[in-house]
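Please open the structure in your viewer and keep the selection tool at hand, since this tour moves from one place to the next and says what to look for at each stop.

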Amino acid sequence: MPLQGKKILLCVTGSIAVYKSALFVRLLVKSGAEVKVIMTKGAQDFVTPLTFATLSKNKTFTDLFHEGSWENHVMLARWADAMLIAPASCNTIAKMAHGLCDNLLLAVYLSSKCPVLIAPAMDEDMWHNPATKKNIQILKQNGNEFLPVNKGELASGLHGEGRMAEPEEMLSYLEGFFAREKRLTGKKALVTAGPTYEALDPVRFIGNHSSGKMGVAIAEELLKNGAEVHLILGPSSIDVDKKIKTKKVTSGQEMYEATMDDFKSYDIIVMAAAVADYAPKNKSQQKIKKECHGFSLELIKTKDILFEAGKIKSDAQTLVGFALETENERENAIKKLSKKNADLIVLNSLNDEGAGFGGDTNKITIFDKNKKEYNFPAKTKKEVASDIINTIIQYRNE
Ligand code: CTP
């Protein structure tokens, strides 16, 4: 029973989906969780505080001030193992994203140290509005986690995306959340991600098309599983959760040095970066002027970071590499696994639909050094990250 004894602070905002949250409280209590409920004024237009007080067997909290004294929002926030905002209206999501504090829910949210999960509920057009998308992005970057919304009939009578998850779905998400959180608690992970730029002169470089999305998704998944995560990120415009300790680098040499710094302290190392294999032998201090005739460039090999890491890694450390192949994919990936002394290698084949740079999907096969092979269909990079982390955990537990 992953929810037995867990302290859940359920925050309810103004949406017709409030009725589902009442059922959800019953399920939580049945699962052995201790539940306290905060309601905004908007929520109370749909359901009374008495409903939630009766179901949760606790007082319902509604105001910053109560009978002449203030409600201790800091202690409420500290009490909770997790805070779940369900239903989270568009308005509350916007206020949370911008740090507003005009009700008890927001004061508790701003004081919270526990994980915050958000189950949005709104009409499809509001859900797809760019302002809502930006606010959700901000909250994700701040480390909050969103439950997926459902498609179906909406309060407007329209049919579309934006329905809050069903009570049973929220319960199993929360159970999964607590089970998952424990798996890598106390472990330290390092991820390399993005491209590297090898300078030719102050304005030009040799680089590649890596976006860094896959590596960042892996870092976020490790974080969700409770690990302390360090990310070394090449030039990339991608936003990273602030709970991930991120070091930005430009060249392969900088990425190598950052990786080797305290390398022995990591339990899991995932090298998802597309490091340039060659760099100009000489970097011109001034912009290189064009000549009438051709231009030749002398390149030298960069350090293979994965290979260097494989040389010094201990048996307790799990080292994971990537292989991007266009031919003889399996053979090349397995060769890379043993040559670089990795524990696992994640193969992307550019021949597979949905795999490769830039896009939001990827198709992978994972090989481990015990000759096990794990096949996966094309999925979003977030889902692929979850498959990779599950495989790493399975490998470490074998
Ligand atoms: N890698 C690295 N440092 C490099 C090159 C690659 O750490 N200088 C890592 C990548 O992060 C990836 C793995 O090695 O995890 C595989 O990289 P890839 O470029 O596919 O393989 P290479 O070893 O460079 O071999 P080739 O280019 O011949 O396929």
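Begin by selecting the ligand, whose space is the second largest pocket of what is, it should be said at the outset, a predicted model. Staying with that pocket, you will find that the second largest pocket holds about 1,100 Å³ of space and is lined by 45 residues, of which Ala273, Ala274, Val275, Asp277 and Phe322 lie nearest its centre. To see where this lining comes from, colour strand 11 (188–193), helix 10 (213–224), strand 18 (299–301), helix 12, strand 19 and helix 13 (329–339), the elements that each give two or more residues to the lining. Sorted by class, the lining of this pocket comprises 19 nonpolar, 14 polar and 12 charged residues.

Next, narrow the view to the shell around the ligand. There are 15 residues around the ligand, and those that come nearest are Met271, Ala273, Phe322, Lys336 and Lys340. Within this shell, eight residues are nonpolar, two are polar and five are charged. Select helix 12 (305–312) and strand 19 (318–325), each of which supplies at least two residues of the shell, and note that strand 19 gives the most, with four residues.

Which atoms of the ligand should you pick out for a distance of 2.9 Å to a polar backbone atom of lysine 303 or leucine 306? For lysine 303, the partner is a nitrogen atom of the ligand, 2.9 Å from a polar backbone atom of that residue, whereas for leucine 306 the partner is an oxygen atom of the ligand, again with a distance of 2.9 Å to a polar backbone atom. Then select aspartate 277, where an N or O atom of the side chain is 3.1 Å from an oxygen atom of the ligand. Taken alone, the ligand exposes 570 Å², and the protein buries 75% of that area.

Two stops on the backbone remain, and a general remark prepares for both. Most residues other than glycine have a negative phi, and most peptide bonds are trans.

Select alanine 86 and proline 87, which are joined by a cis peptide bond with an omega of about 0 degrees; proline 87 belongs to strand 6 (residues 82–88). Finally, go to the loop between helix 3 (49–56) and strand 3 (60–61), where you will find lysine 57, a residue that has a positive phi of about 60 degrees although it is not a glycine.

Notes. Residues numbered from 1 in each chain as written. Predicted model: local features only at pLDDT ≥ 70, side-chain atom pairs only at ≥ 80, totals over all residues. Heavy atoms only, no water. Near = heavy atom within 4 Å. Polar contact = N/O pair within 3.5 Å; in protein donor to acceptor, adjacent residues only side chain to side chain. Areas by Shrake-Rupley, 256 points an atom, 1.4 Å probe, with all protein chains shown as cover. 1 Å grid on protein atoms, 1.4 Å probe; cavity = no way out; pocket = protein on both sides within 12 Å on 5 of 7 lines; lining within 4 Å. Sits in = over half its atoms within 2 Å of the grid points. Nonpolar A, V, L, I, M, F, W, Y, C, P; charged D, E, K, R; others polar. Points joined across faces, edges and corners; volume = space filled by probe spheres on them.
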